[in-house]
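The following exercises are to be worked with the sequence and the model at hand. Each task is followed by a solution that proceeds step by step.

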Amino acid sequence: VNGYQVDDDEGRLLESGDRLAIGRAHIFRVVIPASTSAENVEEEDFEKAMKELQANREVDPRYRRAVDAAVMIVKHERGTKEANSLLESAKAASEVVAEANAILKKVPQEWTSGVSHYELAVLFQADGPPEVCVVARPEEDETTATPEPGSWQERGFSAGIWEAGRFEEDRLTMMHEAADLIAAQP
């Protein structure tokens, strides 16, 4: 609400003129006709709302310690500018991972290719800056069962790893299409 995340526990009373963001794709203006302030509220442009959201986004707490450690290493080895860039990339990727996991819960299990969830990771390269990545993790029962020869389950614990930007452009787009197909079914 108005660029700040509202926890499930605390909630927040909405007022006329508030901006309500659901994910990054849906931003709504609250209009309460009986409110006197509704008449005085001017429409703010989309860019301002998006900047507000970006200024207040955070890395998911599950990944925060690892991201903080990576940022400190980058700051020490490459400088503050690169460290800030890594942190901003991690914040954006954290939102992408959350969005992908939400979609994953909506699609039938047979559409998931055995992926139970996605995680954020920082991949350090030998000769360049680290990359923020998205890692697909398999369903738990598949890691303990005997995997098929040559399957990704046999080769390792990850179903796939993508640079975060590439994941958002390619994989997340396909996931949205799959979710839209499910929503369109009667």
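**Exercise 1. Aromatic rings**

Which residues form one aromatic cluster?

Solution. The model is predicted, so local features need pLDDT of at least 70 and side-chain atom pairs count only at pLDDT 80 or more, while totals for chains, interfaces and linings use all residues. Residues are numbered from 1 along each chain as its sequence is written, and side-chain values use heavy atoms, with hydrogens and water left out.

Step 1. Apply the rule for a pair: rings of Phe, Tyr and Trp (its six-membered ring) pair if their centres lie within 6.5 Å; planes under 30 degrees apart count as stacked, over 60 as edge-to-face and the rest as tilted.
Step 2. Count the pairs: the rule yields 3 aromatic pairs.
Step 3. Name the cluster: Tyr118, Trp162 and Phe167 make it up.

**Exercise 2. The sheet**

Determine the strand order of the open sheet and describe how its strands pair.

Solution. Step 1. Fix the terms. Helices (H or I, at least four residues) and strands (E, at least two) are DSSP runs, numbered from the N terminus. Two strands pair if DSSP finds at least two bridges between them.
Step 2. Read the order: 3 strands make an open sheet, S3-S4-S5, with antiparallel pairing. The edges are strand S3 (115–123) and strand S5 (160–163), each of which pairs on one side only.
Step 3. Find the twist, which averages 25° from one strand to the next.
Step 4. Count the bridges. S3 and S4 are joined in the antiparallel sense by 8 bridges, and one of the matches sets His117 against its bridge partner Arg137 in S4. Between strand S4 (residues 131–138) and S5 there are 4 bridges, again with the strands antiparallel; here Cys133 is opposite Glu163 in S5.
Step 5. Examine the cover. Buried means under 20% relative accessible area, exposed over 50%, and partly exposed in between (1.4 Å probe, protein chains only). In S4, 7 of the 8 residues are buried, so the strand is mostly covered.
Step 6. Place the helix. Helix H7 (residues 164–184) lies across S3, S4 and S5 and runs at about 120° to S5. Axes here are lines fitted to C-alpha atoms, for helices over the stretch in contact, and angles run from 0 to 180 degrees between N-to-C directions.

**Exercise 3. Helix H3**

What covers the buried residues of H3, and does the end-to-end distance of the helix agree or disagree with the expected span?

Solution. Step 1. List the buried residues of H3: Tyr63, Val67, Ala70, Val71 and Val74.
Step 2. Identify the cover, which includes H4 and S3. Contact means heavy atoms within 4.5 Å.
Step 3. Test the length. The expected span is 1.5 Å times one less than the number of residues. For the 18 residues of H3 this gives 26 Å, and the end C-alpha atoms are 25 Å apart, which agrees.
Step 4. Look past the end of the helix: Gly79 follows H3 and has a positive phi, near 110°.
Step 5. Consider Lys75, which belongs to helix H3 (residues 61–78). Lys75 is partly exposed because its relative accessible area is 43%. Apart from neighbours within four places in sequence, Lys75 touches Thr80 and Ala83.

**Exercise 4. A residue of helix H4**

Is Ser94 buried or exposed?

Solution. Step 1. Locate Ser94 in helix H4 (residues 80–106).
Step 2. Compare its accessibility with the cut-off: Ser94 counts as buried because its relative accessibility is 5%.
Step 3. List its contacts. Beyond neighbours within four places in sequence, Ser94 contacts Glu58, Val59, Asp60, Tyr63 and Leu120.

**Exercise 5. Salt bridges within helices**

How many salt bridges does the structure hold?

Solution. Step 1. Apply the criterion: a side-chain nitrogen of Lys or Arg within 4 Å of a carboxyl oxygen of Asp or Glu.
Step 2. State the total, which is 6 salt bridges.
Step 3. Examine one in H3. Arg64 bridges to Asp68, with the closest N and O atoms 2.9 Å apart; the two residues are 4 residues apart in helix H3, about one turn.
Step 4. Examine one in H4. Glu88 and Lys91 meet at 3.5 Å, N to O. About one helical turn separates them, because they are 3 residues apart in helix H4. Glu88 is partly exposed at 36%, whereas Lys91 is buried at 11%.
Step 5. Recall the geometry: an α-helix has 3.6 residues a turn, so residues three or four places apart point the same way.
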